[in-house]
Amino acid sequence: MKQPPITLPASVEVAEADVRTLRNGVKIHTLASDDFEVLRVTFVFAAGSSVQQVPFSASAAANLLSEGTRKYTAHEIAERLDYYGSYFDINIDRDVVYVSFCMLSKFFGPTCALAEEILLHPVYPDEEVAAYCAKRRQQLSIERTKVDTQAREAFAQALFGPQHPYGITSDETAYDRLTRDDLATFYKQHYTAENCFVVCSGRVGEAELSAIAAIAEQLPTGNGTARPSFPAPETRRETIVQHAGAVQSSIRVGRLLFPRQHPDFLGMQVVATALGGYFGARLMQNLREEHGYTYGAMAAMVNFQHAGYFAIAAQVGTDVTRAALDEIYAEIEKLRNEPMPETELDMVKNMMAGEMMRILDGPFGIADVTIENILCDTDNRVISENIRHIRETTPAEVQRLAQRYLAREDLVTVIAGDCR
C-alpha cells in the first residue's frame, strides 16, 4: 500500500469572533457554534505575576477566587460545580490570568450564577489563605530541590536579571508573610474592567451573552494602579547552579529575542522546531538516539507580552553534561553553517501545520488561539498568514535566521547539577 502524499493546506479559514463592547469598556469576543451542547466562557485579566508587588500575591489571588465568596463556602462551590458537571479552571502566567468556566448548555444558568460569585465576590477567608500558603510553601520547597526547577529559575534570571518582572524569584518563606489583605488589595487593583476581556465559545446565544455581559459589566473601573515599568534586561551569559550529589544535570541554552509580533518570530519557531520541536528533531536524534544522553530534548520560542526568547532544555546524566552541551552547540552550528535538506524542512513544516490543525479542532481550541491573538494585538486572520509563511520558508531562510540569532557568543547557558 502506497502512502498518499502529505500536503500542507494552502490556507486555513478560521471564523472571526463577533465583538461587543460593554459600557465599562470590557470587550466580549464570541465564537458561536451549535455543533455541541457545551460552552466555555474565559475571562482574561492582565493580572499575572509580573504586576505583583507582594511575592506570590498574583497566583494566590487567582487560585483562591473559588475558595469562598459572599454567598458560598469553598466546599459549597465545589459541590455545585460537580453537581452540574461544570468545570472551573485557573491558569496564570507572567502576564495574564485565565479564568474559565466550561459547562453543558442546559446548566448555563446555575453555572453562570456561580461564575458571578467567584469573579465578583471572592472573600479570601483567612483559614483558606493560611492553608493555601502552607501547602504552596511546602510544594515550592520540594520543587526547588529538583535540578530542572533550579535550571528554569536560573535561566529566567540569566535572561532578564534577578530584579526584572520576568526574572525575579522569591524565597518560599514569603508565603509566611502573605495575608488575606494582600490578596484583596491585588484583586481590587487588577481584576478591573480596564484589565479584562472575555472570550465565549460553543453554543452561545443571545440569552447567554446577555447573562455574561451582566457579569462583566459589574467589573469596576478606575481602581487599577499604574502599570509597572519593565526595565532593560540584564543578561548573564553563563550560570552554574551547584547541586551536590545530583545524578542528573538540567541544561538550558538560549537567548533573549522578541515577542510574537516581531516579523522573525514565526521563522524562529521553524528553527526551534527543527532543533527540538518534535520527536524526530535534531536534538532528539543526537542526544537521545545517537548518544543516549537523555530521554528528551526540546527547543521552543517563548512569548511574553513584553519580551520573547529562544530556549533549549534537556536533562542528562551528570557524567555526560559537558558532552551533551557540546552536542547542543554542535547542532546549532550545523544549522547555521549547512542548509537544511528540503525533505527535513518539509517534515518540520508538516509538524507545525499539523499542530495548528490539532489546536484548531473544535470551538474551545479556536477560542484559545483567539485569546492568544487578542493578546498579540491581532485577530484570527493571522492564522492563514502564518500557514502561508510556514509553507514559503526555505532552507536559506532557516540558515539566515540561525546565523543571525544563534551565534555562540549570544547564547545564554545554564547548568544545574553536580558540576564539580
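This passage describes a sheet, two helix pairs and three loop residues in a predicted model.

The sheet is open and comprises 5 strands in the order S7-S11-S8-S10-S9, with mixed pairing. Its edges are formed by strand S7, residues 238-242, and strand S9, residues 297-303, and because each of these has a single partner strand, one side of each is left without a neighbour in the sheet. From one strand to the next, the twist averages 15 degrees. Strands of a sheet pair through backbone hydrogen bonds, in either a parallel or an antiparallel arrangement. In the pairing of S7 with strand S11, which spans residues 412-417, the two strands run parallel and are joined by 5 bridges; within this pairing, threonine 239 has valine 414 of S11 as its bridge partner.

The sheet is also met by a helix, since helix H8, formed by residues 265-276, lies across S9 and strand S10 (308-317), and its direction makes an angle of about 165 degrees with S9. As angles over 145 degrees count as roughly antiparallel, the value of about 165 degrees places H8 roughly antiparallel to S9.

Helix H8 has a further partner in helix H11 (residues 342-359), the axes of the two helices coming within 10 Å and crossing at roughly 110 degrees. H8 is therefore roughly perpendicular to H11. On the side of H8 the contact is made by Gln269, Val270, Thr273 and Ala274, and on the side of H11 by Glu344, Leu345, Val348 and Met352. Classified by residue type, the contact of H8 with H11 consists of 5 nonpolar, 2 polar and 1 charged residues.

A second helix pair is formed by helix H3 (residues 108-120) and helix H7 (residues 206-216), whose axes come within 10 Å and cross at roughly 15 degrees. With this crossing angle, H3 is roughly parallel to H7, and the crossing in which H3 passes H7 is right-handed. In this contact, Phe108, Cys112, Ala115, Glu116, Leu119 and Leu120 of H3 meet Glu208, Ala211, Ile212 and Ile215 of H7. By class, the contact of H3 with H7 contains 8 nonpolar and 2 charged residues, with no polar residue.

Turning to the loops, histidine 243 is located between S7 and strand S8 (248-256). Histidine 243 counts as buried because its relative accessibility is 19%, the limit for a buried residue being under 20%. When neighbours within four places in sequence are left aside, the contacts of histidine 243 are with Thr145, Val147, Gln150, Gly417 and Asp418; of these, Gly417 belongs to S11, the strand that spans residues 412-417 and is joined in parallel to S7.

Positive phi values in residues other than glycine are found at phenylalanine 56, where phi is near 70 degrees, and at aspartate 377, where phi is about 60 degrees. Phenylalanine 56 lies in the loop between strand S3 (38-45) and helix H1 (57-63), whereas aspartate 377 is placed in the loop between helix H12 (363-375) and helix H13 (381-392). With a relative accessible area of 13%, phenylalanine 56 is buried, while aspartate 377, at 70% relative accessibility, counts as exposed.

Conventions:
Residues numbered from 1 in each chain as written. Predicted model: local features only at pLDDT ≥ 70, side-chain atom pairs only at ≥ 80, totals over all residues. Heavy atoms only, no water. Pairing = 2+ DSSP bridges. Helix = DSSP H or I, 4+ residues; strand = E, 2+ residues; numbered from the N terminus. Axes fitted to C-alpha atoms, helices over the stretch in contact; angles between N-to-C directions. Contact = heavy atoms within 4.5 Å. Parallel < 35°, antiparallel > 145°, perpendicular 65-115°, else oblique. Left-handed = near helix turned anticlockwise from the far one by under 90°. Nonpolar A, V, L, I, M, F, W, Y, C, P; charged D, E, K, R; others polar. Buried < 20%, exposed > 50% of the residue type's maximum accessible area, 1.4 Å probe, protein only.
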